[in-house]
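Let's walk through a few local details of this protein together, from its cysteines to its backbone and one of its sheets. Have the viewer open as you read.

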Amino acid sequence: MVSGKKEDTNTKPTEVKNDEKTPKDTKNDKKDKKDKNDKKEQEEELSEEDQQLKNELELMVERLQDHKKELHRPALEHLRQAIRTSTSSMTSVPKPLKFLSKFYPLLRKLHETWQDSPDKQLFADILSVLSMSYAEEGQRETLRYRFLGSKGEDIGSWGHEYVRHLSSEIMQEYSVRLENDQPTKELVDLALEIVPFFLKHNAEADAVDLLLEVESIDQLARFVDKDTYERVCLYMIGCVNLLAPPDDLAFLRTARAIYRQQGKFSQALNLSIRVGDMELIKEDFEQCNDPSLKKQMAFQLARQQIYIETEDQDLNACINNTNLSRYFLSLARELDVMEPKVPEDIYKSHLENHRTAFGSNIDSIRNNLASTFVNAFVNAAFCKDKLIITDDDGDSNWIYKTKEHGITSTTASLGLICLWDIETGLSLIDKYMYAGDDYIKAGALLAIGILNSGVREESDPALALLSEHLETGSVSIKQSAIFGLGLAYAGSHREDISDLLLPIVSDSTLSMELSCLAALALGMVFVGTCDGDITCAILQTMMEREEVYLKDTWSRFMALGLGLLYLGKQDASEATLETLKTISNPLGKQAEVLVEALSYAGTGNVLKVQKMLHMCNDHIDKEKEDDTFQGFATLGVALIAMGEEVGSEMSLRTFNHLMHYGEPVIRKTVPLAYGLLCASNPQVTILDTLSKYSHDNDSEVAISAIFAMGLVGAGTNNARLAQMLRQLASFYHKDASVLFIVRIAQGLLHMAKGTMTLNPFHTDRQIMSPVAIAGLLTTIIAFTDHKTFILGKYHYLLYSLVTAMYPRFLITFDETIENLPVTVRVGQAVDVVGQAGRPKTITGFQTHSTPVLLAHSERAELATEEYVPLAPVLEGIVLLRKNPEYMEEDKE
C-alpha cells in the first residue's frame with residue numbers, strides 16, 4: 001500500500017512537467033539524473049568480480065585489434081569461454097554480453113578486415129551470439145554470422161536462448177527467400193541441425209514449429225526416439241485443427257509415421273482413419289503382428305464402420321460389430337436398466353400442470369405415434385418393450401392404434417428396439433413381412449434396415465429381403481425398401497447397392513420422392529467416397545428433370561445425397577461445384593451449399609465459414625427467389641466448425657447474431673445448427689438459449705428449438721432438460737403438432753435409457769464418424785421442412801438417427817475378449833498439449849468399475865497398474881493386457 005502512495009506523489013510533478021517546466025523542476029530533473037548515474041556507477045563498482053571480468057573482456061577486445069595473429073586465438077577462446085559459462089537470470093542479459101555491447105560495432109568492422117581462417121570462423125560464432133542482443137531488428141545478423149562461423153560446431157553449446165533466437169531468424173529468412181525465389185537448402189540443413197537439440201531439451205513444440213516453417217515436417221521422424229515421440233505426436237495432433245490444408249494432412253501423416261516407427265500401430269491407425277486414406281488404414285492393420293493388438297484395431301475400425309476382409313473369424317466378428325448387442329446388454333445389466341420403460345415413465349404427466357393433455361380423441365392418433373417414437377428410442381437395442389413386442393404370437397394391438405404412415409413408423413420401431421441383434425430382430429419382424437396391409441409391410445422392411453444398421457452379417461439378410469421390393473409393390477413399400485438399404489449399409493461402399501439404386505435415381509418416370517430417397521440412400525452408403533458414377537447420375541437427374549419436379553420439397557434430399565459423397569474430402573468436390581453453378585434451378589444453389597459445407601465438415605476452415613455467413617447475409621425476396629439455401633448455409637457453419645473447440649464457440653456467437661437479424665428461413669434453422677454442433681452434449685448455456693427459442697412467436701423456430709433440445713440432450717437423461725421439456729409439454733398442451741415434437745425430444749433425451757450418444761465425434765473427440773454425420777444431417781434436413789416430413793407422412797425419416805447412435809460406454813475385455821472388470825477414474829478431460837512434465841489428463845474424477853458410461857467431455861484412465869490398455873484412448877471397447885512388470889513387484 002505504502003509503495004503505491006509513493007508512486008502517486010512522484011507522478012504529480014511529472015504531469016506539471018509535461019505542460020510547462022519551472023526552473024525549479026529543471027533543477028530537480030538534473031539532480032535526479034545525476035543521482036541515477038551515480039547509482040549506476042556505484043552498482044558497477046560494487047562487485048570486484050564484475051570489474052575484473054569487464055577489464056579482462058576489454059583486454060581481449062584490444063588483443064583482437066592487435067596485429068599479432070598468435071594473440072587472436074587465445075583471446076577468442078577466452079571470449080567463448082566467458083560467454084558460455086556465464087549464467088543469466090530470466091530477466092537480465094548475461095554479464096559478458098552486457099560488457100561487450102559497446103564494442104559490438106567495432107568487432108563487426110574488425111571481423112570484415114580479417115583474412116579467411118579458422119580464427120575468423122570462431123570470431124563469427126562469437127559475433128553471432130552478440131548479434132542476438134545488439135543487432136538491429138530484422139537484420140537477421142545472428143543467422144548471417146552463423147553461416148560464416150565454424151562448420152562442425154555444436155550449436156546447442158551456446159545455450160537454449162541462442163538456439164531459439166536462431167530458429168526464429170531461420171523462419172523469417174526462409175519466408176523472405178521463398179518470396180524472392182532464392183535457394184533455401186542451407187536454411188533447411190541448419191534447421192535439421194537444431195531440431196535434435198530442441199527434442200533433447202523438452203522443447204518439442206519449438207522443433208515442430210521450426211520444421212513446419214521450413215516445410216520439412218516429414219523429416220521429423222528421423223530425430224524422434226522412444227522418450228520424445230509421445231509429446232511430439234501429442235503436440236502435432238493438437239496443431240492439426242489450427243493448420244490450413246495441406247499442412248494438416250502432412251502433420252497427421254508424419255505423426256502416423258512416428259507412431260509406426262515406435263510400433264504403436266493402434267495410434268497410427270487412428271491417424272490413418274483421420275486422414276481418410278483406405279490404403280494407409282489397410283497397411284496399418286495388416287502390418288501389425290500382435291494378434292491381441294490386431295483385435296483392438298479391429299474394434300477401432302468397427303467403431304468407424306470401416307470394413308477390411310480377413311480370414312480370421314475372431315477378427316471378422318470384431319470388425320463386423322457382430323457382438324455389439326451382447327456387449328451393450330451386458331452394460332445394461334451392470335447398470336440395472338434392463339426393465340423396459342413405457343412412454344408414461346418418460347412423460348411423467350402427473351408432474352405437468354395440465355391434466356387435460358390429450359383429453360380429446362382427435363389427437364390420440366398423433367399421441368400414439370409420438371408414444372411409438374418415444375418407446376422406440378427409450379428401449380432402443382434392449383430387445384424388449386411393453387407396447388409392441390407382446391408375449392402372445394398375434395400381432396401387437398398397438399400397431400393399429402395409428403393410421404396409414406403411422407403404422408409404417410410403428411412397425412419400423414421394432415427394428416430400433418432390437419437394434420444390432422439381428423437374430424432376435426428378424427424372428428420378431430418376420431410375421432409382419434407377410435401382412436396384407438402395405439403400410440405394415442413397409443414398416444417391416446424399414447425395421448430390417450434399421451436392425452442391420454452398423455452391424456455386418458455374412459448372409460446379408462437386409463440385402464436379400466429388401467432388394468426384391470424395390471421393383472414391385474406400392475410407393476410406400478418401395479420407399480421403405482430404399483431407405484432401409486441406405487440405413488443398413490451406411491458407410492459400407494458396396495457396389496451391389498449402387499447397382500440396385502442408381503437406376504431409381506435416373507428414372508425420370510418415377511416420382512420425385514423415390515429418386516430423392518435413392519440418392520440419399522446412395523449418399524449414406526458411399527459417404528465420403530467421391531464416387532464418380534453416383535455423382536454423374538445425380539447431376540444428370542438434376543439437369544434433366546422438369547422444373548416442376550425439382551421444386552418439389554423432396555429434392556433437398558437429392559442435394560444431401562450428393563453432398564454426403566464428398567463428406568470431409570475438402571477440395572475434391574471442386575469439379576462438382578462448378579457443374580452445379582450451371583444449374584439455374586434453385587436446387588442447384590441448395591446442392592452447391594450442401595456439397596461445399598459437407599466437403600469441409602469438421603475441418604474448422606475459417607474461409608469456408610465466412611463464405612457460408614456471406615450467403616446468410618443477403619435479404620432475398622421470397623416471391624422472386626428461393627431462399628432455402630440460406631437455411632442450409634446456416635447448417636454449413638455448424639458443420640464446418642464442429643470438432644474444433646475455438647471454432648465451435650465462435651460459431652455459437654455468430655448464431656446469436658443470425659437469430660437477431662436473420663431472415664425467417666435462417667431463424668428457424670439456427671436451433672437445428674445448435675443441435676448439430678452440440679449433439680449429446682448438454683451445456684447449460686446452450687440449453688438456456690434453446691429454451692428461450694422454444695417459446696418464440698414463430699412456431700417454426702419453436703419446433704426447431706424443441707427438437708434441437710432433444711438432440712443436445714440425446715441419451716444423457718439430463719434432469720434440467722427433462723424439467724424444461726415437461727414445462728413445454730404443459731405450455732403447448734393445446735397445440736398438437738408442437739406437443740408431438742416435445743414428446744420426440746423427451747424420447748431422445750432418454751434414448752436407450754441414457755446409455756447412448758448421437759455425437760459424431762469419438763475417440764477423445766478426435767475422429768469424426770461419417771455415418772453418424774449422414775444420419776444426423778438427414779434428420780436435421782427433414783426438419784428444415786417439418787410440416788411436410790415430420791408432421792406429415794414421412795416421420796419415419798427420424799429413424800435416420802440410428803446410424804449416429806452408439807453406446808457411450810467404456811467396456812474392458814481381456815485378450816480373449818472375455819469380460820474383465822477393472823477400476824477406472826472418470827473425470828473431465830483436460831487439454832495437456834505442450835505442458836511440461838506429466839500433467840494430469842483428467843480433473844475432478846470419480847473411481848468406478850468398468851463397464852462405465854462416459855459423457856461427451858469426459859475421459860477415463862486406468863486406476864490400476866495391473867493391466868496395460870491396448871487401445872490408445874480408453875473409450876468404447878478396450879482390450880487389456882497383463883502388465884508384465886506388475887507381478888514382480890507383487891512377489892517382492
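A residue counts as buried when its relative accessible area is under 20%. This is a predicted model, and that cut-off comes up several times below.

**Cysteines**

Cys288 is buried, with a relative accessible area of 3%. Cys678 is buried as well, at 4% relative accessibility. How many disulfides does the structure hold? The number is zero. A disulfide here needs two cysteine sulfur atoms within 2.5 Å. For Cys288, the closest cysteine sulfur belongs to Cys318 and is 13 Å away, so the pair is too far apart for a bond. For Cys678, the closest one is in Cys616, at 18 Å, which is again too far for a bond.

**Backbone surprises**

Most residues other than glycine have a negative phi, and most peptide bonds are trans. Two residues that depart from the phi pattern are set side by side here.

| Residue | Phi | Loop | Relative accessibility |
|---|---|---|---|
| Gln305 | about 55° | between α16 (291–303) and α17 (313–319) | 19% |
| Lys753 | near 55° | between α40 (736–749) and β1 (756–757) | 8% |

Neither residue is a glycine, yet phi is positive in Gln305 and in Lys753. Are they buried or exposed? Gln305 counts as buried because its 19% falls under the 20% limit. Lys753, at 8%, also counts as buried.

There is a peptide bond to look at too: the one from Thr850 to Pro851 is cis, with omega near 0°. You will find Pro851 in the loop between β7 and β8 (852–853).

**The sheet with β7**

Strand β7 also takes us to a sheet. Strands of a sheet pair through backbone hydrogen bonds, either parallel or antiparallel. This sheet is open and has three strands in the order β7-β6-β9, with antiparallel pairing. Which strands form the edges? They are β7 (842–849) and β9 (858–862), each of which pairs on one side only. On average, neighbouring strands in the sheet are turned by 30° against each other, direction ignored.

To trace one pairing by eye, start with β6, residues 823–829, which is joined to β7 by six bridges in the antiparallel sense. A handy landmark is Val826, whose bridge partner in β7 is Gln846. From β7 you can then follow the chain to the loop that holds Pro851 and its cis peptide bond.

Methods. Residues numbered from 1 in each chain as written. Predicted model: local features only at pLDDT ≥ 70, side-chain atom pairs only at ≥ 80, totals over all residues. Heavy atoms only, no water. Pairing = 2+ DSSP bridges. Helix = DSSP H or I, 4+ residues; strand = E, 2+ residues; numbered from the N terminus. Axes fitted to C-alpha atoms, helices over the stretch in contact; angles between N-to-C directions. Buried < 20%, exposed > 50% of the residue type's maximum accessible area, 1.4 Å probe, protein only.
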